[in-house]
Amino acid sequence: MRSRSLAGVLAAIAVALTGTRVSAIALPWFVYVSTGSAAQTGMVAFAEMAPYVLVKALSGPIIDRVGPRRVSWVTDVVSAAAAAVVVLLHALGLLSLGTLVPLVAVIGAARGPGDLAKEVMVPEAAERGWVPLERATGLMGVTERLAQTVGPAAGGAIVLAFGPITSLGLSAGCFGLGSVIVAWALPRGMGQRGQRGQRGQRALAREPAAGRGVEEGYWRRFRQGIVFLRGQPLLLALIVVVGITNLLDAAFSQVLAPVWAKESGHGPAVLGLTSGVMGLTAVGGSLVAAAVAHRMRRRPVFFVAFLLAGPPRFLVLAADLPVWGIMAVFAVGGFAGGFLNPILGAITYERVPRSLLGRVGALQTSLAWAGIPLGGLLAGAAVSLAGLAPVLLACGAAYAVATGVTGLRPEWREMDRLRGRPAAPAPEESTGPAPSAPAPGAANRRPGAVRRGPGAANGGPGAVRRGPGAVAGVPEVSE
């Protein structure tokens with residue numbers, strides 16, 4: 001019974017991500033095959049990701065006030081309904097691009113706060129089950145990797161056998177199942193600070209009034225998130241790096257990979273297989289990270305993993321290697337990518353107070369995902385002008401520069417400084433930056449919570465997550 005909350009959160013994350021990854025294969029393929037236009041494929045991807053990022057950025061104060069459990073199941077219902085309408089209109093012969101775009105926008109607008117709400121509930125679910133936070137977030141990492149493996153593989157197989165619209169129907173079913181799991185498995189008030197139990201109540205009593213957000217308006221809550229984030233140089237640096245790579249990952253998954261699959265003749269099956277192989281090896285990377293990465297320095301692991309996980313994918317498609325060679329490169333990239341979101345999540349857990357997770361996490365992920373809606377648009381326009389191979393080479397080079405040069409900045413030396421400490425309570429609201437170190441006495445550890453490094457999480461609650469087209473994300477930096 002103690003582990004029911006954690007199991008419920010992980011199950012909800014699994015089915016929601018599976019649905020998202022299935023649609024990530026089906027939707028671009030459907031649009032490109034139907035229209036033959038890379039630009040229109042990018043436009044539909046923009047229609048989904050722009051509302052995702054915008055609504056997610058604004059949803060943090062609402063999640064903190066209303067509660068993540070309620071937000072999660074409501075948004076899952078909305079996502080399922082919108083995806084089901086797409087399937088229904090296609091069956092009736094009424095689906096046009098003008099109808100598809102707003103429905104995809106509704107799905108994106110619902111997925112943003114829904115994904116964030118599930119992530120926010122993980123720390124409390126671990127606390128309710130007396131599970132060390134790092135073990136819980138490690139389990140979340142493996143869950144996400146498995147979903148990112150099963151989803152693309154299933155999406156590619158179903159598209160090949162039954163067509164992309166059937167895959168969208170599967171996505172709708174996954175979103176609906178996620179809402180049922182949240183409503184059934186998670187207790188009322190889950191994720192709200194007043195429902196933490198005795199230990200959580202004592203922690204709440206020590207938090208300043210500004211951190212609790214009691215009787216605070218929306219914009220004041222929103223401002224508190226901005227003020228806190230402004231005083232965190234390392235988190236801001238992570239946002240910049242992950243924002244650039246998320247844009248390039250989005251260009252790859254939304255346009256470049258589908259166009260390559262079509263022009264090379266490999267089709268959606270190989271496209272889904274590459275994502276599945278990458279996701280499977282990322283599961284292995286996450287498991288290794290959970291076992292040994294807490295003994296490793298985060299900074300070199302982080303940037304070496306980025307260089308292995310990012311640029312080679314673009315270059316191998318530009319070189320048009322045999323399928324087995326492409327799979328080998330994607331397998332190595334996936335394994336390396338398994339170390340990325342865990343580091344991002346651990347750093348966020350150590351720096352963001354529990355009472356600010358919703359609003360700070362919404363800002364973090366939204367800023368880091370800001371380039372994702374543009375990735376498909378820019379890639380579609382670039383392929384139309386210059387062709388596929390030059391764009392793949394340019395994106396691979398940009399990826400290498402972004403992850404190599406930025407690692408020289410001094411903020412990155414802070415990656416290990418707060419390892420082993422929970423986040424300090426939220427500071428009193430002020431116009432100045434929030435302190436980056438815990439307040440005196442705030443570093444006392446929870447029972448059994450020996451904090452780890454890169455194996456700690458697959459993105460913390462609202463962490464700077466990599467996007468849905470990323471080696472490691474879905475969330476999603478991001479993801």
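This is a short talk on the helices, charged pairs and aromatic rings of one predicted model.

I will start with helix H1, which runs over residues 4-35. At 1.5 Å a residue, its 32 residues should span 46 Å, and the end C-alpha atoms are indeed 46 Å apart, so the expected and computed spans agree. Most of H1 is covered, with 24 of its 32 residues buried. After the helix comes Gly36, and its phi is positive, near 70°.

Next, the charged side chains. Side chains of opposite charge can pair when their charged atoms come close. How many salt bridges does the structure hold? The count is four.

One of these joins Arg111 to Asp76, with the closest N and O atoms 3.0 Å apart. This pair links distant parts of the chain: Arg111 belongs to helix H4 (residues 97-120) and Asp76 to helix H3 (residues 68-91), 35 residues apart. Are these two residues buried or exposed? Arg111 has a relative accessible area of 2%, so it is buried. Asp76 is at 0%, so Asp76 is buried as well.

Arg111 also meets Asp115 in a salt bridge, again at 3.0 Å from N to O. Here the partners sit in one helix: Arg111 and Asp115 are four residues apart in H4, so about one helical turn separates them. As a general point, an α-helix has 3.6 residues a turn, so residues three or four places apart point the same way. Both Arg111 and Asp115 are buried. Taken together, Asp76, Arg111, Asp115 and Lys118 are linked in a network of salt bridges.

Away from that network, Arg313 and Asp249 form a salt bridge at 2.4 Å, N to O. Arg313 is in helix H14 (residues 311-319) and Asp249 in helix H11 (residues 233-264), so the bridge ties together parts that are 64 residues apart in sequence. Arg313 counts as buried because its relative accessibility is 2%. For Asp249 the relative accessible area is 0%, so this residue is buried too.

Now a charged residue without a partner. Glu48, in helix H2 (residues 38-66), is buried yet has no salt bridge. Which side chain of opposite charge is nearest to Glu48? It is Arg111, 7.1 Å away. Apart from neighbours within four places in sequence, Glu48 is in contact with Leu27, Val104, Ile107 and Gly108.

A brief word on cysteines. The structure holds zero disulfides. Cys174 is buried at 11% relative accessible area, and Cys395 is buried at 12%.

Last, the aromatic rings. A search of the whole structure finds twelve aromatic pairs. Tyr218 and Trp219 are one of them: the ring centres are 4.8 Å apart and the planes stand at 85°, so the pair is edge-to-face. Tyr218 counts as partly exposed at 26% relative accessibility, whereas Trp219 is exposed at 60%.

Tyr218 also pairs with Phe222, and this pair is stacked, at 6.1 Å centre to centre with 20° between the planes. Both residues lie in helix H10 (residues 218-230), four residues apart, or about one turn of the helix. Phe222 is buried, with a relative accessible area of 14%.

Elsewhere, ring pairs link eight residues by name into a cluster: Phe252, Phe302, Phe303, Phe306, Phe314, Phe330, Tyr399 and Trp412.

Definitions and conventions:
Residues are numbered from 1 along each chain as its sequence is written. This is a predicted model: local features need pLDDT of at least 70, side-chain atom pairs count only at pLDDT 80 or more; totals for chains, interfaces and linings use all residues. Side-chain values use heavy atoms; hydrogens and water are left out. A disulfide is a pair of cysteine sulfur atoms within 2.5 Å. Buried means under 20% relative accessible area, exposed over 50%, partly exposed in between (1.4 Å probe, protein chains only). Helices (H or I, at least four residues) and strands (E, at least two) are DSSP runs, numbered from the N terminus. Lys and Arg count as positive and Asp and Glu as negative; His and the chain ends are not counted. Contact means heavy atoms within 4.5 Å. The expected span of a helix is 1.5 Å times one less than its number of residues. Rings of Phe, Tyr and Trp (its six-membered ring) pair if their centres lie within 6.5 Å; planes under 30 degrees apart count as stacked, over 60 as edge-to-face and the rest as tilted.
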